[in-house]
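Hi everyone, thanks for making time. I'd like to walk you through one model this morning, so please have a look at it with me.

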Amino acid sequence: MTAERPLQGKVALITGASRGIGLAIARRVADMGARVSLCARDAKRLEAAAADCKRTGSEAIAVPADLTRPADMAKVVETTEQRLGPIEILVNNAGVGHFGPVQDAGETDWDKVFDTNLKAVFLLSRAAASGMIQRKAGHIINIASLAGKNVFAGGAIYCASKWGLLGLTGCMAEDLRAYGIRVSAICPGSVATEFGLPGARDRSKMLQPEDVAHAVAMLLTQAPQSFISELSMRPTLKP
Ligand SMILES: NC(=O)c1ccc[n+]([C@@H]2O[C@H](COP(=O)([O-])OP(=O)(O)OC[C@H]3O[C@@H](n4cnc5c(N)ncnc54)[C@H](OP(=O)(O)O)[C@@H]3O)[C@@H](O)[C@H]2O)c1
């Protein structure tokens, strides 16, 4: 481990790493020296993202999976640990939105958002935590949202999933901190990605994916006795 490569020798699994915030996090963590495992559904885009991460000089693998399928979850952890070693860092970033009046939303909309944004975080964290508990070390970072603290018209399902994610994060943190595992949440406001947030915004003023990656890097470089449990992020100027 060096000052430039503070995560040298560590293994990080990042979900939703094929584009947007997840790809920026994967790049940053790889640049800090970690071996990275990238997960998303689109295998082709994921391979390109892994190739991008390898340019930092760190090992990177693509592990395609659909996180709405519970059976895929254990496989993602198993494949990562077989190919790279024990997972010390898990970033639960994959997420989907659904925006529109609650009276027009269907049960399948609810299931898709909750299976991706909440159930997958529970299942994947549980799968990764068993090894972390044995090794008494680990970081689980959940990419939540300011939508997990606020309400707005058309946001019922998405906001509910992110409010739930903050509750899950806080409780997991209490269960796991005795084992030296820090479970934290980052709550960004609007970030300039392909994510279909409603409303026109000035993208040049929005948070960039690299800003969220910077927050992840901050959490991963805390002193062992320090536990920043939640970060809220806003753009300096309103978009
Ligand atoms: N953009 C914003 O304004 C904003 C603000 C606050 C919080 N967030 C949160 O930040 C996270 C990332 O958002 P983003 O803006 O980077 O979105 P994005 O550009 O749409 O990327 C979403 C990522 O999640 C993956 N994904 C979606 N469903 C999946 C599934 N079932 N299984 C596996 N992977 C899946 C996607 O890959 P595939 O499609 O290939 O599976 C993609 O890599 C989300 O949790 C989002 O809620 C975003």
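Let's begin in the middle of the sheet. Strands β4 and β5 (residues 138-143) pair in the parallel sense, over four bridges. By pairing I mean that DSSP finds at least two bridges between the two strands. Strands here are DSSP runs of E with at least two residues, helices are runs of H or I with at least four, and both are numbered from the N terminus.

Two housekeeping points before I go on. This is a predicted model, so local features need a pLDDT of at least 70 and side-chain atom pairs count only at pLDDT 80 or more, while totals for chains, interfaces and linings use all residues. Residues are numbered from 1 along each chain as its sequence is written.

Back to the pairing. Leu90 has Ile140 as its bridge partner in β5. On the β1 side, strand β1 (residues 11-15) runs parallel to β4, and three bridges join them. There, Ile14 has Val91 of β4 as its bridge partner.

How do the side chains of β4 point? Ile89 and Val91 go one way, Leu90 and Asn92 go the other way, and all are buried. Buried means that 20 or more other C-beta atoms lie within 10 Å of the residue's own; 12 or fewer makes it exposed, anything in between is partly exposed, and the C-beta atoms are placed from the backbone. Strand β5 has a similar story to tell: Gly138, Ile140 and Asn142 point one way, His139, Ile141 and Ile143 the other way, and all are buried. Six of the six residues of β5 are buried, so this strand is largely enclosed by the rest of the structure.

Let me stay with Ile89 for a moment, which sits in β4 (residues 89-92). Ile89 counts as buried because 25 C-beta neighbours lie inside 10 Å. Setting aside residues up to four places away in sequence, Ile89 touches Lys10, Ala12, Val29, Ala34, His139 and Leu220. A contact here means that the C-beta atoms, placed from the backbone, lie within 7 Å. Ala65 is 24 residues from Ile89 along the chain, and their C-alpha atoms are separated by 18 Å.

Now let's step back to the whole fold. The protein has six helices and seven strands, and along the sequence they follow the pattern β-α-β-α-β-α-β-α-β-α-β-α-β. The radius of gyration is 17 Å, close to the 18 Å that the globule rule gives for 239 residues, so the protein is as compact as a globular protein of that length. That radius is taken over C-alpha atoms, and the rule is 2.2 Å times the number of residues to the power 0.38. Of the 239 residues, 44% count as buried. Among contacts between residues at least 6 apart in sequence, 68% join residues at least 24 apart.

What about the core? The largest nonpolar core has 66 residues, and Ala26, Val29, Leu38, Val212 and Val216 touch the most other members. Helix α4 (residues 107-135) gives the largest share of this core, eight residues. A second, separate core of six residues includes Val113, Ala147, Ile157 and Tyr158. A nonpolar core is a set of buried Ala, Val, Leu, Ile, Met, Phe, Trp, Tyr and Cys residues joined through C-beta atoms within 7 Å.

Helix α4 also holds Thr116. With 20 C-beta neighbours inside 10 Å, Thr116 counts as buried. Leaving out residues up to four places away in sequence, Thr116 touches Leu67, Thr68, Ala94, Gly95 and Val96.

Just past that helix, Lys136 lies in the loop between α4 and β5. Most residues other than glycine have a negative phi. Lys136 has a positive phi of about 55° although it is not a glycine. Lys136 counts as exposed because it has 10 C-beta neighbours inside 10 Å.

Last stop, the ligand. Which residues are the closest? They are Gly16, Gly20, Arg41, Asp42 and Gly95, out of 28 that surround the ligand; the test is a C-beta atom, placed from the backbone, within 6 Å of the molecule. Helix α1 (residues 20-31) supplies the largest share of that shell, three residues. The shell divides into ten nonpolar, twelve polar and six charged residues. In that split, Ala, Val, Leu, Ile, Met, Phe, Trp, Tyr, Cys and Pro are nonpolar, Asp, Glu, Lys and Arg are charged, and the others, Gly among them, are polar.

Conventions
Contact = placed C-beta atoms within 7 Å.
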